[in-house]
Amino acid sequence: MKNIDSRSHVRGESIYVDDIPVREGTLYGAVFGAPHAHGRITALDTAKAANATNVFRVLTAADIPGENQIGGIIPDEPLLAADAFHFQGQPIAIVLAESEEAARAALSLIHLEFEPLPVITDPRQARAQGELIQPPRTFKLGDVDSAWTNCTHIFEGRAESGGQEHLYIEAQGAYAYLTEQGGLQIFSSTQGPTAVQRTTTRVLAIGMHQIEVDVTRLGGGFGGKEDQATPWAVMAGLGALCTRRPVKIVLHRLDDMRMTGKRHPYSSDFKIGLDGDFKILAYEVTFHQDAGAAADLSPAVMERTLFHCTNSYFVPNVRATAYSCRTHLPPNTAFRGFGGPQGMFVIEAAICKAAEALGVKPAQIQKRNLLEEGDAFPYGQTTSGCRALASWNQLERSQGTAELEAGIAAFNETNRFIKKGLAFQPICFGISFTKTHMNQASALVHIYTDGTVGISTGAVEMGQGVNTKMLQVAAELFSIEPSRIKMETTNTTRVANTSPTAASSSADLNGKALEKACHCLRDRLCHTAAGILGHGRADRIQLREEKVFDGDMETDLSWAKLVEGAYFQRVSLSQQAHYATPGLHFDTETEKGEPFAYHVYGTAALVAVVDVIRGTYHFETVRLVHDFGRSMNKTIDLGQVEGGLVQGIGWMTMEELLYNEEGRLLSNALSTYKVPDIYAVPEEIAVEFLETEGSPLALLKSKAVGEPPLMYGLGAYFALRDAIRAWRDTADLPLAAPMTPERVLMALHGPHPVKPVPEESPAIAAQE
Ligand code: MTE
Ligand code: HPA
Ligand code: MOS
């Protein structure tokens, strides 16, 4: 089944926040942000701006009726800075005007005086100065300290991964107006309608029951709208409350890039120990997460970094510690993978460092250490339905990786100025929100008397195709034509207390709730049918392709007639249902538990081609075998794999966020921040479905697919490195992503220390 949105997308008919027809009297908001990264506010004068032509009002922290607080996990972030600001672009005031132009023009009339304070842009410096968002956490397995003595090879190093701008095509925005009796309607481009509702309640001091948040769809979120869609929606609500007029705030791209948080950059130290057969015996890692100026989702992101610190490898002795460091950058936030990719990058870097020093290919170490059935993760959960080796083997077998490797070696023999490199990238990603309580969802189904169906769930459509999957569930369970079913907007009045659409779990969670609701309705209709057919045996009734069957006999009762009959018998045709993933638990005292419903596995092989003179590169092929379980929609799932892969390659290669020492974003536009375009996409992407049984906790045994494929992109970094080493293998190159063409050029021709000799192991030293 095609994505139900594709037709309206292609025709330009899909509705986003900026497309909602505005009501008469609508005011347009523009946000005044801090001009410096850190300062104490000594004076704020908005009078001139307020008196400007067509400006209706300027709002500051003083206009907030409730709590000036938007921090979701830790209350450390004001909606509007009052006494001090902590990052460039932090919102301080909102200009409301009759037009967007008038609102933006008045921004320059706001007068702010401040005393500049020292700026930190480096997470390690933040840690040294005690600027931590929360106390560090450590995940442990086995006994690392005594394991080193058994290691034949030990390597230490440092790995850096950069941030990433979400670059959803639809910028942040919201539209809000008052309804009667103190109600507030908010249209928001958010992954978390309930988060918007909850925070609006806090800031505006009105009950959640008075606030209706509605989301039609997002022009992409990628995590950037899990938490950070909230402030703009609350601002629109505040504007509506203060002026009693509708208020629309849609950010311009440059403001969106400047004011919102991104993927967290990480700076990490590792130590890895292997035995003589390249079995990893011990791994120690310290992560420095650059949280930015406030907590936002950083504690949860940091947690997932720890969960994924050993990727798809079994390591018997692990100690992983993470620090969430407060700097003066915009608060960093969720981004596809949610800290997992950052954790996985470091162990891949450690393996790469070991391989380079030992003179073997990283794949040799990777494959040797893949998780097997029943192996324990550092957080206590053991693998079940492990596909690490299965996906690797299938990739080798049916995607011809041996020939690929031989071809590259031959190419590099005969080509002096173009070099190719290969990397294998296995992935393992845990499915479920790491916060156990968030693993719940609800659905509401109405069957109308004409036999059509309306479905509401807590899931937000943001391009990932969740609405199509929901529609498939209902169409299958009722056995009716998809055209009879409408996916309604995601709305807090229809479906309440929702988790954000995130953690790749929304199809599973909302789909399971929807299954429950549909089962209830189907059972009820089967009883009705049994009554109409006169025998009362509901167990004999089946709904098949819009027809009612009695056993295997087709009756002349159709779906539509049955529904109508039920209505006349006063049988309820509406059903709400709630689902909570069973079996999950996690103890943060011991840092052990069963946090994930299941894991998703896969392996990719990536081939990079580097122009040795210019430092430019492209990706010739990416071949991968991915564990979809029993994919319920191959078109959508394939789209998720391709999109995730390319987004991951972008993060590892060309996307470079640059801040200066003052915390000013330098790569603040599409002219200076380069994302993959159609020309940067690998020439070939071959995706093979590893058909597995799937997990009973996955919707229709079709495994979650939203985030995991991004992590295949990690291999882009290592494939480039492999190509560079085909030209120059003597240098000890820094393990730092993104591998921009500039960095590639420096790696090829710049000064670098010479590759280190492997450290002598304590065991060997003792023998001598
Ligand atoms: N795909 C598209 N087209 N647009 C998006 O914004 N977000 C990703 C992924 N795929 C995203 C996407 C992220 S970060 C997540 S968590 C999942 O979709 C969320 O949707 P799911 O739970 O339905 O997989
Ligand atoms: N993923 C995404 N969002 C989240 C998570 C997670 O694991 N935990 C809390 N919010
Ligand atoms: Mo996705 S980062 O969990 O929104």
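Okay, let's start with a loop. Gln-181 sits between β9 (173–178) and β10 (184–188), in the loop that links those strands. What's odd there is the backbone: phi at Gln-181 is positive, about 55°, even though the residue is not a glycine. Keep in mind that this is a predicted model, so treat that angle as a computed value.

There's another backbone oddity further along. Ala-737 and Pro-738 are joined by a cis peptide bond, with omega at about 10°. And where does Pro-738 sit? Again in a loop, this time the one between β30 (735–736) and α19 (741–749).

Now, the ligands, which is probably what you came for. Let's take ligand 1. There are 18 residues around ligand 1, and the ones that come nearest are Gly-221, Phe-222, Met-462, Ser-506 and Gln-640. If you sort that shell by class, you get 6 nonpolar, 10 polar and 2 charged residues.

What about polar contacts? From the side chains, a polar atom of Gln-640 is 2.7 Å from a nitrogen of ligand 1. From the backbone, an N or O atom of Phe-222 lies 2.9 Å from an oxygen of ligand 1. Ser-505 also has a backbone N or O atom by a ligand 1 oxygen, at 3.2 Å. As for burial, ligand 1 on its own has 520 Å² of accessible area, and the protein covers 92% of that. And which pocket holds ligand 1? The largest pocket.

On to ligand 2. Its surroundings are Glu-226, Ala-300, Arg-304, Phe-338, Phe-433, Thr-434, Met-438, Ala-502 and Ala-503. By class, that shell comes out as 6 nonpolar, 1 polar and 2 charged.

The charged residues in that list do show up in the contacts. Glu-226 has a polar side-chain atom 2.9 Å from a nitrogen of ligand 2, and Arg-304 has a polar side-chain atom 2.9 Å from an oxygen of ligand 2. The backbone joins in too: a polar backbone atom of Thr-434 is 3.2 Å from a ligand 2 oxygen. How much of ligand 2 does the protein cover? It covers 98% of the 260 Å² of accessible area that ligand 2 has on its own. The space ligand 2 takes up is the second largest pocket.

Last thing, on annotation. An unreviewed UniProt entry marks residues 11–118 as a domain, "Aldehyde oxidase/xanthine dehydrogenase a/b hammerhead". In the model, the chain over residues 11–118 is 10% helix and 31% strand. The C-alpha atoms at the two ends of that stretch are 51 Å apart.

So, for anyone opening the file: go to Gln-640 for the side-chain contact with the nitrogen of ligand 1, and to Glu-226 and Arg-304 for the side-chain contacts with ligand 2. That's it from me, over to you.

Note on methods. Residues numbered from 1 in each chain as written. Chains lettered and ligands numbered in written order. Predicted model: local features only at pLDDT ≥ 70, side-chain atom pairs only at ≥ 80, totals over all residues. Heavy atoms only, no water. UniProt positions renumbered as here; feature names shortened; annotations may be inferred. Helix = DSSP H or I, 4+ residues; strand = E, 2+ residues; numbered from the N terminus. Near = heavy atom within 4 Å. Polar contact = N/O pair within 3.5 Å; in protein donor to acceptor, adjacent residues only side chain to side chain. Areas by Shrake-Rupley, 256 points an atom, 1.4 Å probe, with all protein chains shown as cover. 1 Å grid on protein atoms, 1.4 Å probe; cavity = no way out; pocket = protein on both sides within 12 Å on 5 of 7 lines; lining within 4 Å. Sits in = over half its atoms within 2 Å of the grid points. Nonpolar A, V, L, I, M, F, W, Y, C, P; charged D, E, K, R; others polar.
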